[in-house]
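These are my notebook entries on a structure that is new to me. I set out to look up its interior, its surface and the pairings between its side chains.

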Amino acid sequence: RPGGAGASLSLISEVALGFIAFSIGSEFRVSELKHTGKQAFVIGVLQALAATFLIDIALVAIALVTNGKLTIAQAITLGAIGTATAPAATLMVVRQYKAKGPLVDLLLPIVALDDAVGLVVFAVSFGIAKALNTGSFDVISIVVDPLIEIVCSLALGALGGWVLTQLEKLFNSNTNRLNMTIAFVFLTSALAMAEFKIGPVTIGFSSLLTCMMLGTLFCNLCPLSGEIMEKADRWTSPLFAAFFVISGAELDLTVLSQPVTLIVGIIYIIARSAGKYCGANLSCRITKEPKSIVDHLGITLLPQAGVALG
């Protein structure tokens, strides 16, 4: 609840998401991206847009039938939220089964890219939704703000990654290096919560993008990053467990008693799943991926949680 236990527990979720993003960012090694970078970009963008497109069509159709119980503005906003794939759930399943191979190598960059695509699509859709409600079209909030957020997030994460790499050189003990890495993820997550205005423009950060960039630069610049990341993964397991418990605790089952909400939820899940699966399937065929990836990548993109709520 605001100002109470809910507010304090949300901090755990933010920090956990920061470590999840940091772990996914570490998968963006330049040596590996030479093989999967182009495919990950094409598939990441197309499957996200396909999900948004199908959700928009399905929910706008419901909005036209329900006589205002679901507005077109709400339908468009929900469509944009459908782009996001949960990095936490995806990463935890990969780790639980110790999965390795071409599918996982392609999956993790796509999940990371989802955040950037989702930010842009959500900002544009939310701007259109506000325009439908107010009758005014705001170019700054639709185009400028999301682009600034992405650029600032990547810049802050890159700066943090470079500074962290330089500081790691000062220590000879891997324990001290691990402590420094953990402290830096905390620091970066805290800095990414900042937001301020310069005239009509809002300067903000995405904690996921920032921590992903932190992990990406750190793992490409620091020769000891592999060993440090392996130790950090053991340390963060209890934090991730707390993250999932808090996510479950936030589910309010009373909303399911409203028929319209239940119908919208079911249609949303079906349309998003179809968009993710078909979008991934089609884009994998375009990039000429092996049949095993064409058949299975779409299913791996179905989880959705923290990023969508954020």
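**Entry 1: S125 and its surroundings**

I began with the contacts of S125: leaving out residues up to four places away in sequence, S125 touches I76 and A80. I note at the outset that the model is predicted. I then looked up where S125 sits, and found it in helix α5, which covers residues 102-134. Is S125 buried or exposed? I recorded a relative accessible area of 8%, and therefore entered S125 as buried.

**Entry 2: Nonpolar cores**

Next I turned to the interior. I found that the largest nonpolar core has 45 residues. The residues with the most contacts inside this core are F19, I20, L106, I110, F218, L297 and L301. Which helix supplies the largest share of this core? I noted helix α1, residues 5-25, with 8 residues.

I took L297 for a closer look. Setting aside neighbours within four places in sequence, I listed its contacts as I43, L103, L106, L107, I110, A280 and C284. Of these, L106 and I110 are also among the residues with the most contacts inside the core.

I also recorded another core, of 9 residues, lying apart from the largest one. Its members include I55, L59, A75 and A271.

**Entry 3: A nonpolar patch on the surface**

I then examined the surface. I found a nonpolar patch of about 680 Å², made by L64, V65, I72, V120, V124, I128, L132 and L147. The elements giving two or more residues to this patch are α2, residues 30-65, and α5. Helix α5 gives the most, with 4 residues.

From the patch I chose V65, which lies in helix α2. I entered V65 as exposed, because its relative accessibility is 64%.

**Entry 4: V94**

I located V94 in helix α4, residues 87-96. Its relative accessibility is 13%, so I counted V94 as buried. Beyond neighbours within four places in sequence, I found V94 in contact with A99, V104 and L107. How far apart are V94 and T300 in space? I recorded 9.9 Å from C-alpha to C-alpha, although 206 residues separate V94 and T300 in sequence.

**Entry 5: Cysteines**

I searched for disulfides and the count came to 0. Why is C222 not bonded to C219? The closest cysteine sulfur to that of C222 belongs to C219, but it lies 8.1 Å away and is therefore too far for a bond. I noted C222 as buried, with a relative accessible area of 6%.

I checked C284 as well, and it is in no disulfide. The nearest cysteine sulfur, that of C278, is 12 Å away. C284 has a relative accessible area of 0% and is buried. I had already met C284 among the contacts of L297.

**Entry 6: The salt bridge**

Lastly I turned to charged side chains. As background, I wrote down that side chains of opposite charge can pair when their charged atoms come close. How many salt bridges does the whole structure hold? My search found 1.

The partners are D295 and K291, whose side chains meet at 2.6 Å, N to O. D295 and K291 are 4 residues apart in helix α11, residues 291-300, so about one helical turn separates them. I looked up the accessibility of each partner. D295 counts as partly exposed, at 24% relative accessibility, whereas K291 is exposed, with a relative accessible area of 62%.

Terms used. Residues numbered from 1 in each chain as written. Predicted model: local features only at pLDDT ≥ 70, side-chain atom pairs only at ≥ 80, totals over all residues. Heavy atoms only, no water. Buried < 20%, exposed > 50% of the residue type's maximum accessible area, 1.4 Å probe, protein only. Contact = heavy atoms within 4.5 Å. Core = buried A, V, L, I, M, F, W, Y, C linked by side-chain atoms within 4.5 Å. Patch = residues over 30% accessible without salt bridge, like charges linked within 9 Å, V, L, I, M, F, W, Y side chains within 5 Å. Areas by Shrake-Rupley, 256 points an atom, 1.4 Å probe, with all protein chains shown as cover. Salt bridge = Lys/Arg side-chain N within 4 Å of Asp/Glu carboxyl O. Disulfide = S-S within 2.5 Å.
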